[in-house]
Amino acid sequence: MSIIYNEKERIFKLDTSGASYIMGIEEKLGHLVHIYYGKKLRGMGSPVPLPVINPVNKLWFMDGNPMEYPAKGCGDFRQHCIEIETKEGYTALEPVYVSHSIYEGKPKLKGLPATFAKDDECSTLEIVLYDKPSKVEVVLLYSVFDKLDVITRSVRVNNKGTDAVYLKKVLSACLDMANQDYEMITLSGAWGRERDIVRRKITRGRNGVYSERGVSGHQENPFMAIVTPETTQSVGEVYAMNFVYSGNHEAVCELTNSNMVRMVMGINPYKFSWKLEKDGEFTAPEVVMVHSSEGLGGMTRTFHDLYRKHLIRGKYCNIKRPVLINNWEATYFNFDTEKLLDIARQASKVGIEMLVVDDGWFGNRYDDNRALGDWFVNEDKIKGGLQYLVSEVNKLGMKFGMWFEPEMVCPDSELFRAHPDWAFSIPGRNAAFQRNQMVLDITRKEVRDYIVESMSKVLKSGNVEYIKWDMNRALTDVASTELPCDRQGEIYHRYVLGVYELQDRITTEFPHILLENCSSGGGRYDPGMLYYSPQIWCSDNAEAIDRLTIQEGTALVYPLSTMGAHVTDCPNHCVGRITPFETRGIVALAGTFGYELDVTKISEEERNMIPHQIAMYHKYNDIVREGDYYRLASYSENGVYDSYMVVSKDKSEALVTYVSVRTVAGYPDPVIKLAGLVEDKIYHVDVLDRDVPGDVLMNYGLPVLHEHGDYKARLYYLKSN
Ligand code: GLA
């Protein structure tokens, strides 16, 4: 059992594959105090005696001691995790230990995405805390994965009293530690340059990232790691948190006056308030905590393994995805059946396996100013109807997929004209638009039912095998006509629950459909979404060189199998850069792989390269999808070249990607030290046509072949005998 309770010492010890997590129950008042998280410790006790409260100096204890789940109002003045308000307006809360239980397996979180595990893969500890004056019960959940360095956390809050209580803040995890000169890493970005790896020193006060946009957002991914200063890809202590949630989030790291670091993560308290009636319960979404004492690379591989085996579900989770061609950058809104079939005919000749019709196939959608919400086929464009188009595509031996943006409505739409109150807006206030669209109030059941029914009707009318689920604006003017005043604070969270319910209903009704999430590119790239879709469109910026940085940041946490990556046309539509077709293919091979260009218009020479690229996809995708990822060099750090590799789980094969971004005079050709191989195995390196031992490749390195000119890329495939 990976969870032990030492009754004599009142200590809980949670052991993952490489770490121990220790907490204890303070003997006077029953506060749960945090003791240790780090490299695995032997034994069953605490490395230090448990602190005891001296009642005449309770504040010293509360404000200086590492706490497990701090509340507000009773002496802990640091960043807190939970806050309530009673009917009298009282807000103080002091939940103390009542009982606990330990069991095998992992419970589901009602209505929420979460990691899952079989009973023999994971054990769970539930600690019940209680605040007597408010009659609020707080249950802390810790699930420990035996074979991974992972502990997941969640919190349940119950109102055991008779009067309603308002939950004003409920974060999902807290970690208190003595500062080791820690630095903080976040994935911060923007549209077109999502998930930049940002590393900074933790300074006095509160450091953090957040979203108040209703979605996880382009700007700050719900991820934070604190690392010791020497941390690189292969050395250093890493404590990471990732939030399995797709709405407003907050991650704060506070450096206190006593040189302690407190890291917390959960639902952003901005405009959050949840009314708990008598016996009411609220479940806070899951935070995944990953520890690595082998640097960032160790952390990355743990996240990848966890998400591939214990989060992503469905038919496509562990198999190759069809190589798709998406018409967005090929045609934008300007297409009809004939144009789509032209693309499909040419695409099928070069081996592309699926046609995806992006935005513009429905209602009056001739540009991005109208028709969202009208999920019926525009037969002026799709002449002959959807069934005809799909069957013609199928006849070419290709699958068919399509785009939806289900959570939205345009004022110029049949849906809005029929139900103007279905869009978020505040009476008397001009609603804010983006792309001339508004957000549907999917906290309302009839709105969710409309979405599911209208989508289902389309999906059933042809053999649709893929959906791109888009979401192109943040939430504003958040108000619901259905909720009373004292429940308006529930809307942001109810919205996210609504998204989860919608995706659950669609994927349950159409289990064969491959779902790809998207939000103006990668604006909702989070583990919550991965529970419903095995892949997410990484960024609208599919330019190969910019993608090196975007994919590096994304892959720091999320598996390569989830990264939507396409070959696009040049000059690139986002940034105008011109790169070799070959390089664009090699960079896209690090993700799900596909095309987003007009295959009928590109040069003959480029078109002729497609069959070879697809053959590489089929040859290498098993390693890319399932293997261990190692970041070898970062163009965003060295400004010259980029390199990463993936090693098959049995270490018999590996694929190294090298991209020479800039040719620098007088710069020696890189010799790249590989990683993750077996020292005494001999690997045949295809490009060099040489047999090289693993220890040579990892210690001396792989001399990459220099090519004159910028933006050249090469793959090196290694196979052991
Ligand atoms: C978003 C997506 C794009 C494309 C357009 C269509 O921006 O990220 O890939 O689907 O919407 O409007």
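Analyst: Helix axes at under 35 degrees count as roughly parallel, over 145 as roughly antiparallel, 65 to 115 as roughly perpendicular and the rest as oblique. This is a predicted model, where local features need pLDDT of at least 70, side-chain atom pairs need 80 or more, and totals for chains, interfaces and linings use all residues. Residues are numbered from 1 along each chain as its sequence is written, and side-chain values use heavy atoms, without hydrogens or water.

User: So how do α4 and α5 lie to each other?

Analyst: Helices here are DSSP runs (H or I, at least four residues; strands are E, at least two), numbered from the N terminus. Axes are lines fitted to C-alpha atoms over the stretch in contact, with angles from 0 to 180 degrees between N-to-C directions. The axes of α4 (residues 337-349) and α5 (residues 385-395) come within 10 Å and cross at roughly 15°. α4 and α5 are therefore roughly parallel.

User: Which residues of α5 make the contact with α4?

Analyst: Contact means heavy atoms within 4.5 Å. On the α4 side you'll find T337, L340, L341 and A344. Their partners on α5 are Y388, L389, E392 and V393.

User: Is R195 buried or exposed?

Analyst: R195 sits in the loop between β11 and β12 (196-201), and has a positive phi of about 55° although it isn't a glycine. Buried means under 20% relative accessible area, exposed over 50%, partly exposed in between (1.4 Å probe, protein chains only). At a relative accessible area of 2%, R195 is buried.

User: What is the omega of the cis peptide bond from C570 to P571?

Analyst: P571 is in the loop between β29 (567-568) and α11 (581-588). The cis bond from C570 to P571 has omega near -5°.
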